[in-house]
Amino acid sequence: MNTTEIITAIVVLAIVALVIGIILSIAEKVFKVEVDEKEVAVREELPGSNCGGCGYAGCDALAAAIAKGEAPVTGCPVGGKPVAEKIAAIMGEEVGEMEKMVAYVKCDGFCDNRQTDYNYYGIDSCVYASKMPGSSPYACKYGCLGFGSCVKVCDHGAIRIIDKKAVVDESLCVACGKCLRVCPHELIELIPATSKYRVQCSSQARGKDVKNACTSGCIGCSLCKRNCPNDAIIFENNIAKIDYSKCTQCGICSEKCPVKIIKTY
């Protein structure tokens, strides 16, 4: 190969590189995606757990929603107030008061309290067990199955199975909501951590059937509702539920409950 051929090859390569560079430059401008700087900044402050507890697909989706004003700066339950304050500073907003929420299992069906209809032998999964006859091997068809599906999805070790029933360690709970979505009997809900009185039952059965299935269940007498001075008790499907936005924690509901299923915490 002589000098002329070498120079020609170099020139050709240079021209090809220049053309490719021009094409890439044009493509960058044509296909450029505008990035919202606030969205990027908000995303950096989110914990990145992608738990879905905020109601969005993940942290990226929540960051986009906050940046657009479609979600509140307090939207991340895992980050809590510290993260909310940082995001509020980015968005130029105030956080205000934030109430800590915790997961709560609405069942008091420990082994000593409930009757068993049959023995379940299968995969340790509440979802699988709920597909069995009657949706539960226990006489109460609404209570905790105790196979730990909620435990398996909790990333913070906040749930344990004690005597065949899920129990939440509220000091570890970040209210991400994963346990709520996996419970086939929908026994878990998020409530204010400061709530002193809680209805620890979800049975929709009538009084006699409840007592036959579990010694610690709501019998649907509605005494709690009738005696609440603040109209804070909702009574539907034979079960009481506390409206914490109205509850003043006076304790009358707990005092009047004949089966003492409204527990004090």
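**Exercise 1. Find the residue that forms a salt bridge with Asp60, and say which parts of the chain the pair ties together.**

Solution. Start at the side chain of Asp60 in this predicted model and look for a nitrogen of Lys or Arg within 4 Å of a carboxyl oxygen.
- Step 1: The partner is Arg43, and the closest N and O atoms are 2.5 Å apart.
- Step 2: Asp60 belongs to helix H3 (residues 59–67) and Arg43 to helix H2 (residues 37–45), so this salt bridge ties together parts 17 residues apart in sequence.
- Step 3: Now check the accessibility of each partner. Asp60 has 52% relative accessibility and counts as exposed, because exposed means over 50%. Arg43 is partly exposed, with a relative accessible area of 24%.

A reminder to go with this: side chains of opposite charge can pair when their charged atoms come close. The structure holds seven salt bridges, and the next exercise takes up two others.

**Exercise 2. Describe the salt bridges of Asp155 and Lys246, and place each partner in the chain.**

Solution. Take one pair at a time.
- Step 1: Asp155 pairs with Lys178, with 2.6 Å between the closest N and O atoms. Asp155 sits in the loop between helix H6 (149–153) and S2, while Lys178 is in helix H7 (residues 178–182), so parts 23 residues apart in sequence are tied together.
- Step 2: Lys246 meets Asp231 at 3.9 Å, N to O. Here Lys246 is in the loop between strand S7 (239–242) and helix H10 (252–256), and Asp231 is in the loop between helix H9 (223–227) and strand S6 (233–236), so the pair ties together parts 15 residues apart.
- Step 3: For accessibility, Lys246 is partly exposed at 38%, and Asp231 is also partly exposed, at 46%.

**Exercise 3. Work out how S2 and S3 are joined, and which residue in the turn has a positive phi.**

Solution. Follow the backbone through the two strands.
- Step 1: Strand S2 covers residues 159–162 and strand S3 residues 165–168; they run antiparallel and are joined by four bridges.
- Step 2: Pick one residue to trace across. Arg160 has Val167 in S3 as its bridge partner.
- Step 3: The two strands form a hairpin with two residues between them, and Asp163 in the turn has a positive phi of about 50°.

**Exercise 4. Decide whether the protein chain is a compact globule or more spread out.**

Solution. Begin with the inventory, then turn to the dimensions.
- Step 1: The protein chain contains 10 helices and eight strands.
- Step 2: Its radius of gyration is 28 Å, well over the 18 Å that the globule rule gives for 265 residues, so the chain is more spread out than a compact globule.
- Step 3: The C-alpha trace spans about 105 × 50 × 30 Å along its principal axes.
- Step 4: Of the 265 residues, 38% count as buried. The accessible surface comes to about 15,200 Å², with 55% belonging to carbon and sulfur atoms.

**Exercise 5. Identify the nonpolar surface patch that includes Val19, and then the contacts of Thr116.**

Solution. Both parts can be checked in your viewer.
- Step 1: Val19 lies in helix H1 (residues 3–30) and is partly exposed at 43% relative accessibility.
- Step 2: Ile7, Val11, Ile15 and Ile23 join Val19 in the patch, and together these residues have about 440 Å² of accessible area.
- Step 3: Thr116 is in the loop between strand S1 (101–105) and helix H5 (126–129). Leaving out residues up to four places away in sequence, Thr116 touches Pro137, Tyr138 and Ala139.
- Step 4: Thr116 and Thr74 are 44 Å apart, C-alpha to C-alpha, and 42 residues apart in sequence.

Conventions
Residues are numbered from 1 along each chain as its sequence is written. This is a predicted model: local features need pLDDT of at least 70, side-chain atom pairs count only at pLDDT 80 or more; totals for chains, interfaces and linings use all residues. Side-chain values use heavy atoms; hydrogens and water are left out. Patches are made of residues with over 30% relative accessible area and no salt bridge: like charges are joined within 9 Å, nonpolar side chains (Val, Leu, Ile, Met, Phe, Trp, Tyr) within 5 Å. Accessible areas come from the Shrake-Rupley method with a 1.4 Å probe; for residues, only the protein chains shown count as cover. A salt bridge is a side-chain nitrogen of Lys or Arg within 4 Å of a carboxyl oxygen of Asp or Glu. Buried means under 20% relative accessible area, exposed over 50%, partly exposed in between (1.4 Å probe, protein chains only). The radius of gyration is taken over C-alpha atoms; the globule rule is 2.2 Å times the number of residues to the power 0.38. Two strands pair if DSSP finds at least two bridges between them. Contact means heavy atoms within 4.5 Å.
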